[in-house]
Amino acid sequence: MWQTVKGSYDDNDVQFLLQEVVNPVEKLSTIEREEKIQSGTHYSMMLPIESEPTAQYMEIYHTLLRENADKMALYTGVLAEQIWRKHQNKEWVIVSLARAGTPIGILVKRYIQFAYQADVPHYTISILRGRGIDEVALDYIAQQNPGKSIQFVDGWTGKGAISKELIQACRQYNKRTDHHISADLAVLADPGYCAAIFGTRQDLVIPSACLNSTVSGLVSRTLLNEKLMDTTGFHGAKTYEHLKHMDESQEFITAIVQFFPVQQKQVEKQLEIVLRENHELSWLGAKDVAILQQQYGISKSEFVKPGVGETTRVLLRRVPWKIVVNRQATIDLSHIYHLAQEKNIPIEYNDDMIYSCCGLIKDVTT
């Protein structure tokens, strides 16, 4: 019988609806994995190797956390207040999208506890681009929470691939089960203009994007490899116990939660501003990506990863070709510059993007 992932967060913060993959997963170098992805192997069939961050990089991470924790608390409050208003007259649960959504889902849960003394259940489940959402996990949530509505939460948006995947997945699931799950996605930062609920549309530095499993409960990226897993269970993941000594997951949450009381009045002011914005999905980020794709002669939009979070991911676990930076951005991109220098990746400038930066993936098949 398969077992679920536990993770390193407090048990009251989140329940991982992920299957612990106990079988060995093929360990591939970054370039080997990239070649497989670009040749048609789905990224969920394998995992990137997660190495320990250097002491210098961890110093940058801790600086970014110190400098941005108050902003994270502010925008968490703005996000949570909108979610609370949407669901306050009914029973509901938070369902974060693993793994970038998990710490944000915890922060939303904690803010609602702080502001309204309400304890909302929080689950985290897998959604995979091109392969859909984990319907076994959705079935479980429905069984455990009959009649309750779901609020999906993620960390940020890029060009909207996951937003589109979620819309399609909910449509298919609702048709199959006769449920009425809303695909409205709530994110901390929505620079791509493709989330219904957002804390900000700034391309925000989210410190949890700067690390991998060590700020995500020691949990890997999610897997859907039928050769390694029980296909009757949830989507899979691995717990990286060997990185336990580097784990920052709970410290990340604590660093931000401490600013909730400080930012409460500012949350009210910022909330008024955000509520006046147009919340229609305009997919503005995807239009920017199309322009960049044309400018750089890139054959596939999948090779363009816009925004701070996605650029960081490109540098951490893909094969970057170039990094494009907007010099008009007012945020600290020191970790982007550090990783680019460490990997000898050229940086170019484009001040017309709506994003602060963008990662371009190298076509390794040509």
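**Exercise 1.** In this predicted model, determine whether Gln117 is buried or exposed, and then describe its backbone and its place in the fold.

*Solution.* The relative accessible area of Gln117 is 66%, and the cut-off for the exposed class is over 50%, so Gln117 is exposed. Turning to the backbone, Gln117 has a phi near 55°, which is a positive value in a residue other than glycine. As to its place, Gln117 belongs to the loop that runs between H3 and strand E6 (122–128).

**Exercise 2.** Carry out the corresponding analysis for Leu218: what is its phi, where does it lie, and is it buried or exposed?

*Solution.* The phi of Leu218 is near 65°, again a positive value in a residue other than glycine. Leu218 sits in the loop between strand E10 (197–200) and strand E11 (236–237). Its relative accessible area is 3%, and because buried means under 20%, Leu218 is assigned to the buried class.

**Exercise 3.** Identify the geometry of the peptide bond from Ala98 to Arg99, and locate Arg99 among the secondary-structure elements.

*Solution.* Omega for the bond from Ala98 to Arg99 is near 0°, and the bond is cis. Arg99 is placed in the loop between strand E5 (92–98) and helix H3 (101–116).

**Exercise 4.** Work out the surroundings of Asn350, starting from its location and ending with the residues it touches.

*Solution.* Asn350 is located in the loop between strand E14 (347–349) and strand E15 (357–361). With a relative accessibility of 10%, Asn350 counts as buried. The side chain of Asn350 forms a polar contact with the side chain of Gln295, at 3.2 Å. If residues up to four places away in sequence are left out, Asn350 touches Leu292, Gln295, Val324, Val325 and Asn326, so that Gln295 appears both as the polar partner and in the list of contacts.

**Exercise 5.** How many disulfides does a search of the whole structure find, and why does Cys194 not form a bond with the closest cysteine sulfur?

*Solution.* The search of the whole structure returns 0 disulfides. For Cys194, the closest cysteine sulfur is that of Cys358, and because the distance is 14 Å, the two are too far apart for a bond; the cut-off for a disulfide is within 2.5 Å. Cys357 is likewise in no disulfide, its nearest cysteine sulfur, that of Cys358, being 7.7 Å away. As a last step, consider accessibility: Cys194 counts as buried at 1% relative accessibility, and Cys357 is buried with a relative accessible area of 0%.

How values were computed
Residues are numbered from 1 along each chain as its sequence is written. This is a predicted model: local features need pLDDT of at least 70, side-chain atom pairs count only at pLDDT 80 or more; totals for chains, interfaces and linings use all residues. Side-chain values use heavy atoms; hydrogens and water are left out. Buried means under 20% relative accessible area, exposed over 50%, partly exposed in between (1.4 Å probe, protein chains only). Helices (H or I, at least four residues) and strands (E, at least two) are DSSP runs, numbered from the N terminus. A polar contact is a pair of N or O atoms within 3.5 Å; within protein, one must be able to donate a hydrogen and the other to accept it, and residues adjacent in sequence count only if both atoms are side-chain atoms. Contact means heavy atoms within 4.5 Å.
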